Amino acid sequence: MKTFTAKPADVEHKWVVIDAEDAVVGRLAAYIATRLRGKHRPDYTPHVDTGDHVVVINADKVRFTGRKTDDKRYYRHTGHPGGIKETSPRKLLEGKFPERVVEAAVKRMLPKESPLARKQFSKLRVYAGAEHPHEAQKPEVVDFKSLNAKNARS
């Protein structure tokens, strides 16, 4: 018996739409990272991009459990001495780019700093509203909240 290894030319990437309204951020990000890497497929190969294109809509309506909206902190550095900045998920969700909450959560669940991780992350498209410009790809709708009762928070 031989081990099957997927070739990049043989992989067919599907398009998936996920509605993030009232979804728990961590669970949603874990599901999206699995789809982006291709680990849901039987022909998963670690060094080949076998994942799907994921479109997330209503990213501005995601939920955190507990007090994470106020207590959790996102850190970044400007590159200058003493240039560390911090913000909370509440400020990001109420700000100009609320989709960055989902993007940050997914990016941190992918492999770190490799060309393959960057390629997989580029297949994620996150939109704050309910509209997206990818109807021509005929994406299939995944009902993420019905997969587990803990996936949704009202």
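Helix α4 spans residues 100-107, and its buried residues are Val101, Val102, Ala104, Ala105 and Val106. In this predicted model, those buried residues pack against four elements: helix α1 (25-37), strand β3 (74-77), helix α3 (89-94) and strand β5 (124-126). If you are looking at the structure for the first time, α4 with these neighbours is a friendly place to begin.

**Charges that pair**

Let us turn to the charged side chains. Side chains of opposite charge can pair when their charged atoms come close. How many salt bridges does the structure hold? There are nine, and three of these pairs are set out below.

| Pair | Closest N to O distance |
|---|---|
| Glu140 and Lys14 | 3.7 Å |
| Asp52 and Arg35 | 2.8 Å |
| Arg90 and Asp70 | 2.6 Å |

Take the salt bridge between Glu140 and Lys14. This pair joins distant parts of the chain, with Glu140 in strand β6 (residues 140-142) and Lys14 in the segment before β1 (15-19), 126 residues apart. Glu140 is partly exposed, at a relative accessible area of 36%, and Lys14 is also partly exposed, at 42% relative accessibility.

Next comes the salt bridge of Asp52 with Arg35. It too connects distant parts of the chain: Asp52 sits in the loop between α1 and β2 (53-57), while Arg35 belongs to helix α1, and 17 residues separate them. Are Asp52 and Arg35 buried or exposed? Asp52 counts as buried because its relative accessibility is 0%, and Arg35 counts as buried because its value is 9%; the cut-off for buried is under 20%.

The third pair in the table is Arg90 with Asp70. Arg90 lies in helix α3 and Asp70 in helix α2, so their salt bridge ties together parts that are 20 residues apart in sequence. Arg90 is partly exposed, with a relative accessible area of 37%, and Asp70 is partly exposed, with a relative accessible area of 37%. There is also a wider picture here, since Asp70, Arg90 and Glu94 are linked in a network of salt bridges.

**A closer look at Arg90 and Lys14**

Which residues does Arg90 touch, leaving aside those up to four places away in sequence? They are Thr69 and Asp70. The second of these, Asp70, is the salt-bridge partner already described. By contrast, Arg90 and Glu140 are 30 Å apart in space, C-alpha to C-alpha, and 50 residues apart in sequence.

Lys14 can be described in a similar way. With residues up to four places away in sequence set aside, Lys14 touches Asp52, His53 and Glu140. Two of these names have come up before: Glu140 shares a salt bridge with Lys14, and Asp52 is the partner of Arg35. As for Pro98, its C-alpha atom is separated from that of Lys14 by 26 Å, and the two residues are 84 places apart along the chain.

**A positive patch**

Finally, have a look at the surface. Which residues gather there in a patch of positive charge? The patch is made of Lys68, Lys72, Arg108, Lys112 and Arg153. One of them, Lys72, is found in the loop between α2 (68-71) and β3. Lys72 is partly exposed, with a relative accessible area of 32%. The strand that follows this loop, β3, is also among the elements against which the buried residues of α4 pack, which brings us back to the starting point.

Key: Residues are numbered from 1 along each chain as its sequence is written. This is a predicted model: local features need pLDDT of at least 70, side-chain atom pairs count only at pLDDT 80 or more; totals for chains, interfaces and linings use all residues. Side-chain values use heavy atoms; hydrogens and water are left out. Buried means under 20% relative accessible area, exposed over 50%, partly exposed in between (1.4 Å probe, protein chains only). Helices (H or I, at least four residues) and strands (E, at least two) are DSSP runs, numbered from the N terminus. Contact means heavy atoms within 4.5 Å. Patches are made of residues with over 30% relative accessible area and no salt bridge: like charges are joined within 9 Å, nonpolar side chains (Val, Leu, Ile, Met, Phe, Trp, Tyr) within 5 Å. Accessible areas come from the Shrake-Rupley method with a 1.4 Å probe; for residues, only the protein chains shown count as cover. A salt bridge is a side-chain nitrogen of Lys or Arg within 4 Å of a carboxyl oxygen of Asp or Glu. Lys and Arg count as positive and Asp and Glu as negative; His and the chain ends are not counted. The place of a charge is taken as NZ of Lys, CZ of Arg, CG of Asp or CD of Glu.
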